[in-house]
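Work through the exercises below with the model open. Try each task before reading its solution.

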Amino acid sequence: MSDYKDIIRKPETLNWFKAAMGMNITRHCLLDIVKDATQELYDTIRKEINRKYGILEHVVCSHCHTPNVLPCDTDNKCCHYKYGSCAFHDIHKSQRCRAYLCNEMCKEIVYHHRFRNRSKPKSFQGPTWENTDARKWCADPWNIAKCYLSKDGYKDVNKADDADFNGIVNVLINCEFFQMYFKDDLTQKENVCTKARDVGREVRHAPAMSMNSQDSDRAIDTLEALLQSLTHVNHQVTAKTAVDKLKQLKSGTLAITTEDVATTFELLKENLIAKIKEALEKEKDKLVNEMVDAFNEKLSKVLQTIQRKGDDVLETVDGKRDDVLDTIDGKKYDVLETIDGKRDDVLENIDGKIHDVIETIDGKRDDVLETIDGKIYDVLETIDGKRDDVLETIRRQKHEVLNNKDNATMNRTLIEIQTWLIKHYRERCVVPVSMLDPDIDVPLERIYVPPSIHELKRGRKDRHGGVEMDTTSRAGPDVSCYRELLHRDGNPVNTIYIQGDPGCGKTTFSTKLVLDWCKAHSKNCGSTLETLTGTATTTGKTSHPTYFSDLDTLRDYTFLFFVSLRDYSGTTCNVSQMVEDAIKSIKLPWDDSVWEHKCIVLTDAADEWYHPEIAFPPPRDSACNCHKYRSMPQYLQRNNISNIITTRPWKLANHIMSDTLTRLFEISGVTNYTTLAENVITVLAEKDGISKNDQQCKCIDFIELIKAQSLGNLITVPAVCVQLVHQFYVGRLVEGSRCSVYMNMLDMHIAKGLQKLQIENFDTEEMCVNEIKQIIGTESTEYLRDNWSLVHSASALAFKTLTDTSKESSLVFAENTITNHMTKTKLDYLLQTGIITKKKSLALSSRKNVPYMFLHKTIQEFLASLYIAMNQPDIENILNTIQSVYCDYKSILDIGQLFIFTCGMCAPAAERISKHITDVITCDLESKLTSISAVDTFLAQDIIVNGFIEGLANKQSCLQLTISHMDFEFITFKEKNEKQYALNTLIDMNISNIISIQFCSSRMEIPHRLQEIISQSSETLLYLWLDTMGQLDLQGLKLKYLSCRFTDISNLDCTFMRVCGIFYLKQLSNDRILQSMSVTGKNIISLELCGGATLTVLCAALPNLTSLHTLEFYSTGLAVSQLPHFPESIRKVVYQRIRVSAQDVKSMVEWSKSRDACVCCELSYCYISDNETDICHWMKQQDGIDITQCKFILDDLFLSWSTILSK
């Protein structure tokens, strides 16, 4: 590999390159911060809007264009008036966002701009509005960051990775939010960021790309100072690494590859091309002047010579012209060959050629000038066009060098291991198209459709609970290639989690990854760089984007080990040991030097693994050295190893992850279920010789039928989609209910098993099925009826495993678990039907006791519901089992599909389960009474509504379900559809037993229906969230919890109230509520107030709140004048976003010290008009208080303390 010093020989150019390389290293580090901080900025903006206006954080808008949310004002630089109208607002006029969101986000963006017009608080000056698209603010925080970039050159920079050094630094300078990431005060005119910006300008505009050594060293020192100023803990390691690289760069010890050189020049491409153009233009002007002088001086001589030589001269000139053009054309290719790292030589060559041209153009000035001008732009065009080809060649050669190097260093043992892995994986990368016809095995690529995989961002709860993830605003778009999965900002990631529900495609994606790794290491596989952005075309179809086709990424990994963790559950806890044991088990020698090469360790089914029963700390003779936290096996933590772990979401619920060393992705079904359906139909049709036209017609009919039967939620699950396609293909996809579809599916599986074994029936024992004929039907389920004892055994197994207290064995179970509920013969029969599967695994070494599973979780849930329906005499024990296993809010969501099926088959059991769901939610609300701000009951409500719909579809007309917790956030009472009808019917059934109501709507007034529900449930309604305009009468309610935003409420009785929050009400409404509290609020323990209230009314009410523990004020403007009126029970006081004086703070401290109990006080985002340093200094001098925070961020004060009681 060439050293960059061999490529760039001039000392001045080398100095310039070191400074440019330093910018590249610094940019790479700062990029991490900008990405994380822009997401955090978005989250902060949303929280602030929620606090001010009650707009919940999951509410998004993608309709408003930037001109829509920006007022048309001559102060705004983007507003250009011509002929009386504004060009910026010509198409999209200023208007209010329908979600009441984007206008407020616009204001917050201005608030965070360092150079906003502070003299005009309502001005929108500062941000570069032309750069951004407001439609993308909620989906892509980078579009918010673009508001802090300069106007020129950044409008089309659509992601942070495309921003150059200058752009990244400008975001840091212009956005005040980034102050928290730096020690240096960025408010100063000269700071670490502005100095770094100046370095960027010096490098970009350096004449002839040259610098002296002092300027180069000074530039690198400036960049070091910038990185050393970083304070954010999440980026300390990255910053230190970058600083070390800069020091090595300065001393000349940093290892730099040709790819680094190419990348550095790539980032400065536009500037370099501009300099080439500028140099050529100067030479052209010089040439013209010299020619004019020569022409005037020798005009007479030229005329004489022309007359004398005549035609000979003209012929000579023409010949010379062609020679010149040939010379330039030939030299063009030389330029291309040396362009990577030789731009100085290119300029010299071009300069030399220009002088050659001067000597040959004595009489042909105009012709030569025209030719030179054309050729200059041809050269520039060719340089720019061939750049990608040159870089691709460099990368391809790099891969070949690395592969040759790896092969040279790999001993015979390692080559044997790699060869066996490829052979082993290829033999097993074949899948049955459908379990309903297992004889049709095809290569995976024939039916494979890439899954939807997106990264989850830590910081908010995901839809599964536990691990804090944000699914409403993803960390980015769907991942589309292996490099995006395995790398972060160009660097390999050590640990990658991929979570997803059963059947969503985790194992299939793993199989595709393994198969592609094998392809990447095949001898006839060429470079696939072009496929990263290419398209794949199928016969008779339009082209579709290719996903995960970058085999070059996988070629970098010498080994890929696929381990099924279920094979080692309870026996082994070290993954590297699992790999070693597997290789040795097939009689191959093992060499520990395997781990010195780049490896992917792909572990499947982490949710089915549990730690061996070894005490902690482990005995000295134990091979286990795991920590006390043992939910995951132990992985090698090396830079050259990428661990990919697939699991169901519950496994990661409480798993602790590193922010810098890990990434978490969610896989959620296929990107296009229509394509999957087309692929399956094509394969099935080929067997029957059906024409392509008929295949397309079948696919269209299938999609229309799925939409008509509301099976869209099932069709995105690949395993179920394939089943439904096969049912449809053979003409057995029945219309009606989900139960009918699954009953038919079971019947087809049994028929296939009988056909495979060429027997009439599986069962030898008689069973009476008259009691449930209504459930299984009588026409299309003959195989089900004739083999009922087999179905009975399968349903018993489904119920027992689904209600297993160990989640690791609820979906996957050992053979001895099955034989507890059926004979070995029945198990063999079920395997033949495909209802229970025991698939061969890609894993290196499958254990003898390979676990079993149902074809899909929904089939297991259907059979479990069938078991409930068949055993109604034992209903009490069955329901007790369900209630003991699914006993908290998170777990009851897991039985949603079981409940829906039960509604279609056993009304009494469904009614009891709905009551259990309601009771669990009620207990959850009660346990979180003092900490809840809003509870997501919509999912549980949706489950009950879908169950009711299923019951009606299955003719369970007397179904009386319990629903006591209502969430109207996504419901509009005006809609007339199946779900709205079902919800209204359920409300009518339970209208006098509603326990909690959440009503949030920014688009409608309070409907009469809501008032009716509240009035009818006056004896039971305990929890009420209101977030809408309008009036409500709360006469007779005995509320424990009230959160009210904007709503004008009357007749409030606070006798039973424990927690209350009042936000943005009119002063009259606030006063009316406080007066009610003064009389009946003695049991209130927590009170939040936001907005105006009459001071005298508040001060009169507070002493009567004798149980009040926590009091929080937001934007009240009342400062601390209420302190003398606080009740003795107060233990915590919070003020947010209010203006305070130093005297106010001192009064609060003295008040807190005067209390007989420990009191916590907190001021956040408060503005103090006095000297900031003085108050912090005064606080530190006070005795009797423990200061937990005292700092200023920009103009905001953050101060908290608690009192220390004397002994």
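**Exercise 1. Decide whether Asp489 is buried, exposed or partly exposed, and do likewise for Arg1137.**

Solution.
- Step 1. Fix the cut-offs: buried means under 20% relative accessible area, exposed over 50%, and partly exposed in between (1.4 Å probe, protein chains only).
- Step 2. Asp489 has 18% relative accessibility, so it counts as buried.
- Step 3. Arg1137 has 21% relative accessibility, so it counts as partly exposed.
- Step 4. Check the backbone. Phi of Asp489 is positive, near 55°, and the residue is not a glycine. Arg1137, also not a glycine, has a positive phi of about 55°.
- Step 5. Place both residues. Asp489 sits in the loop between strand E8 (487-488) and strand E9 (491-492). Arg1137 sits in the loop between E29 and strand E30 (1139-1140). Helices (H or I, at least four residues) and strands (E, at least two) are DSSP runs, numbered from the N terminus.

This is a predicted model, in which local features need pLDDT of at least 70 and side-chain atom pairs count only at pLDDT 80 or more, while totals for chains, interfaces and linings use all residues. Residues are numbered from 1 along each chain as its sequence is written, and side-chain values use heavy atoms, with hydrogens and water left out.

**Exercise 2. Describe the surroundings of strand E29 (residues 1132-1136).**

Solution.
- Step 1. Look at burial. Four of the five residues of E29 are buried, so the strand is largely enclosed by the rest of the structure.
- Step 2. Find its partners. Two strands pair if DSSP finds at least two bridges between them.
- Step 3. Strand E28 (residues 1110-1114) pairs with E29 in the parallel sense, over five bridges. Thr1110 has Lys1132 of E29 as its bridge partner.
- Step 4. Strand E31 (residues 1160-1168) also runs parallel to E29, joined by five bridges. Here Val1133 faces Cys1161 of E31.

**Exercise 3. Which strands stand at the edges of the open sheet that has the order E5-E16-E10-E15-E14-E13?**

Solution.
- Step 1. The sheet has six strands, and its pairing is mixed.
- Step 2. Strand E5 (451-455) and strand E13 (559-564) are the edge strands, since each pairs on one side only.
- Step 3. The average twist is 20° from one strand to the next.
- Step 4. Follow E5 inward. Four bridges link E5 with strand E16 (residues 662-670), and the two run antiparallel. Ile453 is opposite Ile667 in E16.
- Step 5. Go to the other edge. Helix H21 (residues 575-585) lies across E13 and strand E14 (599-604), at about 100° to E13. Axes are lines fitted to C-alpha atoms, for helices over the stretch in contact, and angles run from 0 to 180 degrees between N-to-C directions. Contact means heavy atoms within 4.5 Å.

**Exercise 4. Analyse the open sheet with the order E17-E19-E18.**

Solution.
- Step 1. Its three strands pair antiparallel.
- Step 2. Strand E17 (812-813) and strand E18 (836-837) each have a single partner strand, so one side of each is left without a neighbour in the sheet.
- Step 3. E17 pairs with strand E19 (residues 852-854) over two bridges. Val812 is opposite Met853 in E19.
- Step 4. Helix H29 (residues 788-802) packs on the sheet and touches E17, E18 and E19. The direction of H29 makes about 100° with that of E19.

**Exercise 5. Characterise the packing of helix H7 (residues 192-204) on helix H8 (residues 213-228).**

Solution.
- Step 1. Two packed helices are described by the angle between their axes and the distance between the axes.
- Step 2. For H7 and H8 the angle is about 145°, and the axes are 9 Å apart.
- Step 3. H7 supplies Val192, Cys193, Lys195, Ala196 and Val199 to the contact, and H8 supplies Ala219, Thr222, Leu223, Ala225 and Leu226.
- Step 4. Sort them by class: eight are nonpolar, one is polar and one is charged. Ala, Val, Leu, Ile, Met, Phe, Trp, Tyr, Cys and Pro count as nonpolar, Asp, Glu, Lys and Arg as charged, and the others, Gly among them, as polar.

**Exercise 6. How many residues of helix H35 (residues 896-905) are buried?**

Solution.
- Step 1. The count is 10 of 10.
- Step 2. Among them are Leu898, Phe899, Ile900 and Phe901.
- Step 3. Set this against the whole protein, where 52% of the 1207 residues count as buried.
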